[in-house]
Amino acid sequence: MVGGTGIRLLRTAARAQAAGAAVLAAAGCVSAVAQLALPAVLGKAVDALVGGADLGRWLAACLALVVVYVAFEVYSDYRAGVVQARSALFYRRTAARRLVDAGPRPRTGGGPGGFAACVLESAAAAAMGTNAAVWLVLSLLPTLVSLFMLWWTDPWIGLVFTCSLPVVAWCLRSFAADSSLMVTRYLEEQSTVSSRLAEALGGARTIAASHTLEREVARVVEPLPRLRRSGDALWRLQAKVTAQGNMLFPLLHIVVVATAGLELCRGRISSGQLLAASEYAAIGTGLGMTVLFVNQLARARSGAEQLATYAALPPLEYGAAELPGPVTSTGLGVELKNVTVRRAGRTVLSGLDIAVPPGEVVALVGRSGSGKSTVAAVMGRLFDPDDGAVYLDGVPVRTLSRTALRRSVVFAFERPELIGDTIADTIAAGAPDATLEDVARAAELARAASFIEKMPDGYGTGVKSVALSGGEMQRIGLARTFVRPARLVLLDDATSSLDMATEYEIDRALATDTSGATRVVVAHRASSAARADTVVWLDAGQVRATGTHSELWELPGYRAIFQERPAARTPLDAAGATR
């Protein structure tokens, strides 16, 4: 299945680069024609010299052919570089787009490191495919023409050359089959190393705190011996085939020249034809270059098979429906009907029914692993449930257009990714029409303006040039919810790194600025749940209870979620519906 997908991916890339490949093939053909015509013209020049005929025009023809050959060889190399670079870009865009379009649900085992290795190493290998296919075909052209010219010059010379071709073909076939498997193994081990390294770098603080550096280093480098063995095996195979070619092709050339010499002694060919036969034999034995192109095709196929894991991901498809009324209308809220989500053979949500009234604030509460973040992701259609349906203002979210959905739903996460070049770009992500004034206003509402304005270039400060605390990153992420109006605001533990006073101020700003919008809050603090109109208590992917925070607080199991006792409640907890 994957192999077939890899082949299809190679064909798709080749079609995408069809124009560039056609130019490359045309330039290669011109170069090959000049190369193939040169021995015949040289032979005529030698015969003219021996026979005392006009030598000037043949020498001029030789010079012209050399100029044409060199010029088109140089242009072919340039064009090949362009095609390969564009092919690599095609593969990387395809893999990245499919991975993002498939949503956050994990569908591949490689992790971030495996994907990084794939878009770098595998894409570079697969990008060789189009050029290698063109060069492989073009490498056969000189051999076939040389064979024809040798037969045309003398049947015995042609017969000697022809008898060697089955041996050459057998060597190439064996090499293609073995190298494809070896390259696949090499890329797989390389992906494993990259994946483990990315995991270790992402968990560097945890590794340092737990003093497990040596163990993690051992885990990361554990595949290296297998990677080395795969690389050594591939290089040994290439060395073997190269050695065979280095012995076979010069021997073939010598036999052809010797046969031509005998034919010259017999008077069957001229001196010029002897020179031409020698040159055509040299060109014909250039079939050994085919080994290089076969190797590149094998690497391209293996790289495409690695990429196929991502390219085959089914994208999240959108409909054409629009939401009723203007964005600021209260609508019908958000509703989950019999929603079931499975991951890695485990049921995360089971037959869930939740109805969030329009304009209300609902808190999702539960222990870790109860499905809170999954509910928020399904509501905002980051991915679709395996069973059941989700409705936004009465419209199935599966039928909404991409523009309608993303215009009406905003997210804020516990660990927001800072997307863009500058702080302003990060806040305006998803709102391309936002002005700098809109960005500044959003930052003010998120209580982020105070530290942003102290940065070297304010809102124009590069994201990678500043070190931000967890709370500052969360406030920048929260600022995105204020940049544009929305019907549904999803806060996935988006204030966990903030002090309670700042959290309370931001919550008041949300209540004022997103008035009319439905808000769903993944809550880990009792204070966050207390400010919601309704609390949905999740347990093992099901709704255990629904009510206000004050009502549910009477249940011991609910209080245990926050690891608090009734006596420890804060004024904000007691405020109940305060927003």
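Helices in this tour are DSSP runs of H or I with at least four residues, strands are runs of E with at least two, and both are numbered from the N terminus. The model is predicted, so local features need pLDDT of at least 70 and side-chain atom pairs count only at pLDDT 80 or more, while totals for chains, interfaces and linings use all residues. Residues are numbered from 1 along each chain as its sequence is written, and side-chain values use heavy atoms, with hydrogens and water left out.

**Stop 1: Thr-130**

Begin by selecting helix 5, residues 128–153, where Thr-130 is found. Thr-130 counts as buried at 8% relative accessibility; here buried means under 20% relative accessible area, exposed means over 50%, and partly exposed lies in between, with a 1.4 Å probe and protein chains only. Not counting residues up to four places away in sequence, Thr-130 touches Ala-13, Ala-14, Ala-21, Val-83 and Ser-87, where contact means heavy atoms within 4.5 Å.

**Stop 2: salt bridges**

Next, display the charged side chains. A search of the whole structure finds twelve salt bridges, each defined as a side-chain nitrogen of Lys or Arg within 4 Å of a carboxyl oxygen of Asp or Glu. Select helix 8, residues 213–221, which holds both Arg-219 and Glu-216, three residues apart, or about one turn of the helix. Their side chains meet in a salt bridge of 3.2 Å, N to O. Arg-219 is partly exposed, at 31% relative accessibility, whereas Glu-216 is buried, at 15%.

Now move to Glu-263, which is buried with a relative accessibility of 2%. The side chain of Glu-263 forms a salt bridge with that of Arg-266 at 3.1 Å, N to O, and another with that of Arg-268 at 3.4 Å, N to O. Salt bridges with shared partners thus join Glu-263, Arg-266 and Arg-268 into one network. Within it, Arg-266 counts as exposed at 54% relative accessibility, and Arg-268 as partly exposed at 48%.

**Stop 3: the four-stranded sheet**

Switch to a cartoon view and find the open sheet of four strands, whose order is 2-1-4-5 and whose pairing is antiparallel. Strand 2 (346–356) and strand 5 (395–396) are the edge strands, each pairing on one side only; two strands are said to pair if DSSP finds at least two bridges between them. Strand 1, residues 334–343, pairs with strand 2 in the antiparallel sense over seven bridges, and Val-334 has Val-356 in strand 2 as its bridge partner.

Add helix 12, residues 372–379, which packs on the sheet and touches strand 1, strand 2 and strand 4 (387–392). The direction of helix 12 makes about 60 degrees with that of strand 2, where axes are lines fitted to C-alpha atoms, for helices over the stretch in contact, and angles run from 0 to 180 degrees between N-to-C directions.

**Stop 4: strands 6 and 7**

Select strand 6, residues 409–413, which is mostly covered, with four of its five residues buried. Strand 6 runs parallel to strand 7, residues 488–492, and five bridges join them. Along this pair, Phe-411 stands opposite Leu-490 in strand 7.

**Stop 5: Glu-472**

Continue to helix 17, residues 470–483, and pick out Glu-472. Glu-472 is buried, with a relative accessible area of 19%. Leaving aside neighbours within four places in sequence, Glu-472 is in contact with Phe-451 and Ala-467. A C-alpha to C-alpha distance drawn from Glu-472 to Ala-448 is 6.9 Å, although the two residues are 24 apart in sequence.

**Stop 6: the cavity**

Finish by looking for enclosed space: a search of the whole structure finds one cavity of 30 Å³ or more. A cavity is a set of points, on a 1 Å grid over the protein atoms alone, where a 1.4 Å probe fits but cannot get out, and lining residues have an atom within 4 Å of a point. The largest cavity holds about 170 Å³ of space, a volume being the space filled by probe spheres set on the points, which are joined across faces, edges and corners. It is lined by 18 residues, of which Thr-495, Glu-503, Asp-507, Val-521 and Ser-528 are the closest to its centre. Helix 18 (500–513) and strand 8 (518–522) each supply at least two residues of this lining, and helix 18 gives the most, with four residues.

Note on methods
On a 1 Å grid over the protein atoms alone, a cavity is a set of points where a 1.4 Å probe fits but cannot get out, and a pocket is an open set with protein on both sides within 12 Å along at least five of seven lines; lining residues have an atom within 4 Å of a point.
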